[in-house]
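Okay, thanks for coming, everyone. I'd like to walk you through one model today, so have a look at the screen and then we'll go through the packing.

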Amino acid sequence: MLAAVFVGARLAGVSPSAKRIEHWADGLGAVGPLLFVAAGVALNCLFVPLPVIAGAAGLVFGTAEGTAIGVLVVGLSATVHLLIGRRLTGERAELLLGRRGVAVADFLSRRGFWAVLYVRLIPAIPFNTLNYAAGLSRLRARDMFLGTALGFAPRTFVYAAVGGSAANLHSTEARAAIVVGVVMAVAGALLARRQIAAERRERAGGSQP
């Protein structure tokens, strides 16, 4: 879909610059961020990647405002996916998940916000798939929104900063954003690994007579 839009724009002779896009967004006023959040959630439900959406937010609104808007899109998208998954599966969760899946769902249900936060810190985990699968658990929508928004905030900043610096990817802001992204990915993976190991030890201890 994105490729089709790009090709269509090029064939039509439309080639907006970053400055023109920013000027267009300023003309929308206070309605602009609201429209972007609604459109971002809808696009992510259609599997448009979050880096693209958050990067577009940074390009349109600037790094600071784009990060805040991107965080809202991420949190709301995850919550919508959760509710859709829960609505479609109903009471068939245990049958669909299997034994290991039930253990994961139980972990999400018991730990709530913290479980979501730890999972969001792990890089390269499929976003949409995990959200829909979480609908099979008893995870509360509030915990999904808060855990996702907070856990994804550093990466959202990176995407928005790169998008906001699209005209100059060699700028200090863009380079700093990339460094922050790498550091957060490594730190998140280590923290999540530690938490998962602690959870396994706790389960192993609880299973002993």
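Let's start in the middle. The largest nonpolar core has 13 residues, a nonpolar core being a set of buried Ala, Val, Leu, Ile, Met, Phe, Trp, Tyr and Cys residues joined through side-chain atoms within 4.5 Å. Buried here is under 20% relative accessible area, exposed is over 50%, and partly exposed is in between, with a 1.4 Å probe and protein chains only. The residues with the most contacts inside that core are Leu 50, Val 74, Phe 127, Ala 134, Leu 139, Met 144 and Phe 152. At least two residues each come from α5 (63–89), α6 (93–111), α7, α8 (127–134) and α9. The largest share, 3 residues, is from α5. There's another core apart from this one, with 10 residues, including Val 37, Val 41, Ile 53 and Phe 61.

Quick housekeeping before I go on. This is a predicted model, where local features need pLDDT of at least 70 and side-chain atom pairs count only at pLDDT 80 or more, while totals for chains, interfaces and linings use all residues. Residues are numbered from 1 along each chain as its sequence is written, and side-chain values use heavy atoms, with hydrogens and water left out.

So what is the secondary structure? The protein has 10 helices and 0 strands; those are DSSP runs numbered from the N terminus, H or I of at least four residues for helices and E of at least two for strands. Of the 209 residues, 37% count as buried. And for the contact-map people: among contacts with a separation of 6 or more, 80% are between residues 24 or more positions apart, contact meaning heavy atoms within 4.5 Å.

Back to Val 74 for a second. Leaving aside neighbours within four places in sequence, Val 74 is in contact with Leu 50, Phe 127, Thr 148, Phe 152 and Thr 156.

Now the helix pairs. For the geometry, axes are lines fitted to C-alpha atoms, for helices over the stretch in contact, and angles run from 0 to 180 degrees between N-to-C directions. Under 35 degrees is roughly parallel, over 145 roughly antiparallel, 65 to 115 roughly perpendicular, and the rest oblique.

Pair one: helix α7 (residues 113–121) packs on helix α9 (residues 141–164) at about 30°, with the axes 8 Å apart. That makes α7 roughly parallel to α9. On the α7 side, the contact is made by Phe 113, Val 116, Leu 117, Arg 120 and Leu 121, and the α9 residues include Met 144, Leu 150 and Phe 152. By class, this contact has 8 nonpolar, 3 polar and 3 charged residues. The classes are simple: Ala, Val, Leu, Ile, Met, Phe, Trp, Tyr, Cys and Pro are nonpolar, Asp, Glu, Lys and Arg are charged, and the others, Gly among them, are polar.

Is α7 buried or exposed? Well, 7 of its 9 residues are buried, so α7 is largely enclosed by the rest of the structure. Arg 120 is one of the buried ones, alongside residues including Ala 115 and Tyr 118.

Pair two: the axes of helix α4 (residues 50–61) and α9 come within 6 Å and cross at roughly 55°. That makes α4 oblique to α9. Here Leu 50, Pro 51, Ala 54, Gly 55, Gly 58 and Leu 59 in α4 meet Phe 152, Thr 156, Tyr 159, Ala 160, Gly 163 and Gly 164 in α9. The class count is 7 nonpolar, 5 polar and no charged residues.

Pair three: the axes of α3 and α4 come within 10 Å and cross at roughly 165°. That makes α3 roughly antiparallel to α4. Among the residues making this contact are Phe 36 and Leu 43 of α3, and Ile 53 and Phe 61 of α4.

A few single residues to finish. Phe 47 sits in the loop between α3 (31–45) and α4. Most residues other than glycine have a negative phi, but Phe 47 has a positive one, about 70°. Phe 47 is also exposed, with a relative accessible area of 55%.

Leu 72, in helix α5, is partly exposed at 40%. Not counting residues up to four places away in sequence, Leu 72 touches Val 37 and Phe 145.

Last one: Ala 187 lies in helix α10 (residues 172–207). The C-alpha atoms of Ala 187 and Pro 123 are separated by 9.9 Å, with their positions 64 residues apart along the chain.
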